[in-house]
Amino acid sequence: MKQVFSKPVSLKDVQTHFCPGCHHGSIHRLVAEAMDSFGIADKTIGCASVGCSVFLYGYFNIDVVESPHGRAPAVATGVKRARPDRIVFTYQGDGDLAAIGTSEIIHAANRGEKITVIFVNNTTYGMTGGQMAPTTMPGQKTSTSPNGRDVANDGKPFKMAELLSNLDGVVYSARVALNSPKNVLQAKKIIKNAFQYQVEGKGFAFIEALAACPTNWGMNPLAANQRVGSEMIPYFPLGVFKNNENL
């Protein structure tokens with residue numbers, strides 16, 4: 001019988017610690033499949049930050065550098081400039097990248113650093129208690145916005161894929177989701193494109209992945225997955241917002 005599905009070589013054979021229904025595992029797989037497709041695992045360096053992304057080293061068969069909260073783009077910049085022959089990517093959450101790391105991501109993108117950024121947007125601080133994040137949707141309840149996000153007081157959520165697409169240093173910016181087979185297949189293609197830009201030395205590539213956080217949303221996995229489609233995607237539309245080489 002022909003085998004049609006297997007674990008990516010770039011992933012370790014370990015049990016996940018992520019909560020049931022969390023999309024981090026799915027995103028990990030797509031990143032690993034992209035690395036496998038180019039055969040680059042032995043020369044790839046991941047830059048993890050603080051949050052649920054911190055355990056990157058426990059899942060990938062690659063070298064991983066731990067970064068202070070929000071500083072992964074700065075660390076990745078140093079790694080890539082010191083070892084330009086390496087493939088370097090950051091893996092960050094929304095509280096990390098869009099809050100404390102706003103300066104680092106904007107300046108790395110504007111400089112056109114030749115790195116790949118994987119940004120997981122679950123509209124909450126996933127590891128530290130479910131606080132309101134820069135991406136928390138209007139009216140969404142969190143541990144620090146129990147009555148829902150009030151845009152008159154807190155402003156509207158960042159749309160990072162669109163924001164960064166306006167910077168000249170960015171060559172690729174896109175948003176994907178993992179809530180359906182169709183969207184997973186599209187996400188696989190787009191994440192591979194983001195790594196291809198770096199393999200070909202073309203510049204800064206940014207992928208925003210909409211993800212479920214059932215634990216902090218107070219939902220079961222099925223309801224959380226449905227919320228990605230019914231609430232998140234209408235507010236954070238999927239698509240490619242910048243593609244300089246039309247991959």
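**Figure 1. Ile 62 in the loop between strand 1 and strand 2.** In this predicted model, Ile 62 belongs to the loop that joins strand 1 and strand 2. Its relative accessible area is 12%, and Ile 62 therefore counts as buried, the limit for that class being under 20%. Twenty positions along the chain are spanned between Ile 62 and Asp 42, that is, 20 residues in sequence, yet their C-alpha atoms are 6.5 Å apart in space. When neighbours within four places in sequence are left aside, the contacts of Ile 62 are Met 35, Ala 41, Thr 44, Gly 46 and Phe 89.

**Figure 2. Val 54, a second residue of the loop between strand 1 and strand 2.** Val 54 is found in the loop between strand 1 (44-48) and strand 2 (63-66). Apart from neighbours within four places in sequence, Val 54 is in contact with Ala 48, Ser 49, Glu 66 and Met 127. A further pair to locate in this view is Val 54 and Gln 92: they are 38 residues apart along the chain, and 8.4 Å separates their C-alpha atoms.

**Figure 3. Ala 48 in strand 1.** Ala 48 is a residue of strand 1. Its relative accessibility is 0%, so Ala 48 counts as buried. Outside the residues up to four places away in sequence, Ala 48 touches Ser 53, Val 54, Leu 56, Val 64, Val 65, Glu 66, Ser 67, Ala 72 and Tyr 91. For one of these partners, Glu 66, the C-alpha atom lies 5.1 Å from that of Ala 48, although the two are 18 residues apart along the chain.

**Figure 4. The packing of helix 2 with helix 4.** Helix 2 (residues 72-82) packs with helix 4 (residues 102-111) at an angle of about 35°, and the two axes are 8 Å apart. From helix 2, the residues Pro 73, Ala 74, Thr 77 and Arg 81 meet Glu 104, Ile 105, Ala 108 and Arg 111 of helix 4. In this contact, four residues are nonpolar, one is polar and three are charged.

**Figure 5. The buried residues of helix 2 and of helix 4.** In helix 2, the buried residues are Ala 72, Pro 73, Ala 76, Thr 77, Val 79 and Lys 80. They pack against strand 1, strand 2, strand 3 (87-93), helix 4 and helix 7. In helix 4, Thr 102, Glu 104, Ile 105, Ala 108 and Ala 109 are buried. The elements packed against these residues of helix 4 are helix 2, helix 3 (94-100), strand 4, helix 6 (160-165), strand 5 and strand 6. Just after helix 4 comes Gly 112, whose phi is positive, at about 70°.

**Figure 6. Thr 123 and Gly 139 in the loop between strand 4 and helix 5.** Thr 123 is located in the loop between strand 4 and helix 5. Its phi is near 60°, a positive value in a residue other than glycine. With a relative accessible area of 0%, Thr 123 is buried. Gly 139 also has its place in the loop between strand 4 and helix 5 (151-154), but Gly 139 counts as partly exposed, at 45% relative accessibility. Residues up to four places away in sequence not being counted, Gly 139 touches Gly 148 and Arg 149. From C-alpha to C-alpha, Gly 139 and Val 151 are 8.0 Å apart in space, with their positions 12 residues apart in sequence.

**Figure 7. The kink in helix 9 and its buried residues.** Helix 9 (residues 221-235) contains 15 residues. From its first C-alpha to its last, helix 9 reaches 20 Å, close to the 21 Å expected at 1.5 Å a residue. A kink of about 35° is centred on Arg 227. Arg 227 is also among the buried residues of helix 9, together with Ala 224, Val 228, Met 232 and Ile 233. These buried residues pack against strand 4 (116-121), strand 5 (170-177), helix 7 (181-199), strand 6 (204-210) and helix 8 (214-217).

**Figure 8. Cys 19 and Cys 22, two cysteines without a disulfide.** A disulfide is a covalent bond between the sulfur atoms of two cysteines. The structure holds zero disulfides. For Cys 19, the closest cysteine sulfur is that of Cys 22, and the distance of 6.5 Å is too far for a bond. For Cys 22, the closest cysteine sulfur belongs to Cys 52, at 6.3 Å, again too far for a bond. The cut-off applied to the two sulfur atoms is within 2.5 Å. Cys 19 counts as partly exposed, at 39% relative accessibility, whereas Cys 22 is buried, with a relative accessible area of 19%.

How values were computed
Residues are numbered from 1 along each chain as its sequence is written. This is a predicted model: local features need pLDDT of at least 70, side-chain atom pairs count only at pLDDT 80 or more; totals for chains, interfaces and linings use all residues. Side-chain values use heavy atoms; hydrogens and water are left out. Axes are lines fitted to C-alpha atoms, for helices over the stretch in contact, and angles run from 0 to 180 degrees between N-to-C directions. Helices (H or I, at least four residues) and strands (E, at least two) are DSSP runs, numbered from the N terminus. Contact means heavy atoms within 4.5 Å. Ala, Val, Leu, Ile, Met, Phe, Trp, Tyr, Cys and Pro count as nonpolar, Asp, Glu, Lys and Arg as charged, and the others, Gly among them, as polar. Buried means under 20% relative accessible area, exposed over 50%, partly exposed in between (1.4 Å probe, protein chains only). The expected span of a helix is 1.5 Å times one less than its number of residues. The bend at a residue is the angle between axes fitted to the seven residues ending there and the seven starting there.
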